[in-house]
Amino acid sequence: MTLRSLAPALLAVSLAAAFAASAPQAAVTPAPGDGTVFIRAARLLDVRSGKWIENPGIRVENGRITAVASGGEPAPGERVVDLAGMSLLPGLIDMHTHLDSDPAYGGYTHLQYTDRFWSMLSVKHAGETLDAGFTTVRNVGSDSWNDVGLRQAVDEGKIRGPRIVSAGYSFGATGGHCDSTFFPPSFDAKSPYNADSPDEARKRVREIRKHGAQVIKICATGGVFSRNTEPGQQQMREEEMRAVVEEAHQWGLKVAAHAHGASGINAAIRAGVDTIEHASLIDAEGIALARKHGTWLSMDIYNTEYTQSEGRKNGVLEDNLRKDREVADIQRENFRRAHQAGVRMVYGTDSGVHRHGDNGRQFAWMVRYGMTPLQAIQAATVNSAEALGRNDVGVAEAGRWADLVAVNGDPTANVALLEAIPVVIKGGVVEKDAR
């Protein structure tokens, strides 16, 4: 991502009403505390066991599930969401999004627009992501605190969107993937949060947490969409990453590391990073380390399809297209190897590199490269919830948010059903009904 100038994220919601006015109307919109909701369908997937609960009745109060049972009838006065003939799953989780990025503006084309343009677009992208069935996302890096402001607006009920775990600014070494690398010295364009020593790394964690980060995102290696960096290059030293992890964990925050190259992946795992993003060039040592430490991999194995088909017309530079081509197939085969070895996997798409709302297209690629449909679904539900350290999303059970999606058919047999989800429920409210 290209860094843009710092400005208050609250500006991101000042025009949100313009987007919200055109948003799909919910079929059932009880206010918090306005009675209970009873949801019924043909079946509900228990994502832990992989078994179906037939004819489920799900009781919801104040947005949270209070009971799940096979059969049952609504109590007098309960609002009913009747999803007759449909299959229910927990709301999906995308662990790697950039809601204030739009892939239609690649390379230098984004410079045509003012800084607040991206804040406005993030509102649209949040709605598209929710309508795709992703009721929780982890936004691993934005500019100008856009994701923090967006989260606050969603949580306040001002705009439609998923539950957002926000990283604020991602950071790394001066001149690295998380820095601003596209401009000459006269522009003095740089990240305000570069960290070039363990002490600087600790301070960056404190500063970014102070302003609303709920997860810390670092760049351990070079990347595809930066300039003058190669994906395989390690760009943060292990002691710097260990300082980040120690400081973040002290504050109760998890750490995600952008890491394509093997040496950077291995150093990040040894440093105690919680999730490795991309993991494209992971080697046998990295796979063994991930298994030993229980580190989660978030491997975005779909998005190259978009980049290679649309990137050039969107202004993406040839050097960035080259890097994407070089790592794509290697990453996919390494996904297969890591999964076969038993490494823990979550679902992360890097939306913003591809179109928001297309998040569900990655399921089929995960199946193509070795997962069963159920395993891919588990990556986007119970696995991702565990990696987030949350017990309120990812599973349809009492005590968790009533975040659900419904499809016609069996996604454990045909995972492509999750590419176009007709019904989305968040907190017991039907946010989308396209039956």
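## Exercises: where two domains meet

In this predicted model, domain 1 and domain 2 bury about 960 Å² between them, with 52% of that area on carbon and sulfur atoms. Let's explore this interface together.

**Exercise 1.** Find which stretches of the chain belong to each domain, and how far apart the C-alpha centres of the two domains lie.

*Solution.* Start with the domain assignment: domain 1 is made of 36-90 + 400-405 + 409-433. Domain 2 is given as 92-359. Next, take the C-alpha centres of domain 1 and domain 2, which are 32 Å apart.

**Exercise 2.** Work out how many residues of each domain are in contact, and how the domain 1 side divides by class.

*Solution.* Begin with the contacts: 11 residues of domain 1 touch 12 residues of domain 2. Then turn to polar contacts between the domains, where the count is 5 residue pairs. Two elements each give two or more residues to the domain 1 side, namely β16 (423-426) and β17 (429-433). Of the elements, β16 contributes the most, with 3 residues. Finally, sort the domain 1 side by class: 6 residues are nonpolar, 1 is polar and 4 are charged.

**Exercise 3.** Count the salt bridges between the domains, then check whether the distance between Arg163 and Asp403 fits the cut-off.

*Solution.* First, the count between domain 1 and domain 2 is 2 salt bridges. Now look at Arg163 and Asp403, whose closest N and O atoms are 2.8 Å apart. A salt bridge needs a side-chain nitrogen of Lys or Arg within 4 Å of a carboxyl oxygen of Asp or Glu. Arg163 and Asp403 therefore form a salt bridge.

Conventions
Residues numbered from 1 in each chain as written. Predicted model: local features only at pLDDT ≥ 70, side-chain atom pairs only at ≥ 80, totals over all residues. Heavy atoms only, no water. Domains from an automatic or database assignment. Contact = heavy atoms within 4.5 Å. Buried area = accessible area lost by both parts, 1.4 Å probe. Polar contact = N/O pair within 3.5 Å; in protein donor to acceptor, adjacent residues only side chain to side chain. Helix = DSSP H or I, 4+ residues; strand = E, 2+ residues; numbered from the N terminus. Nonpolar A, V, L, I, M, F, W, Y, C, P; charged D, E, K, R; others polar.
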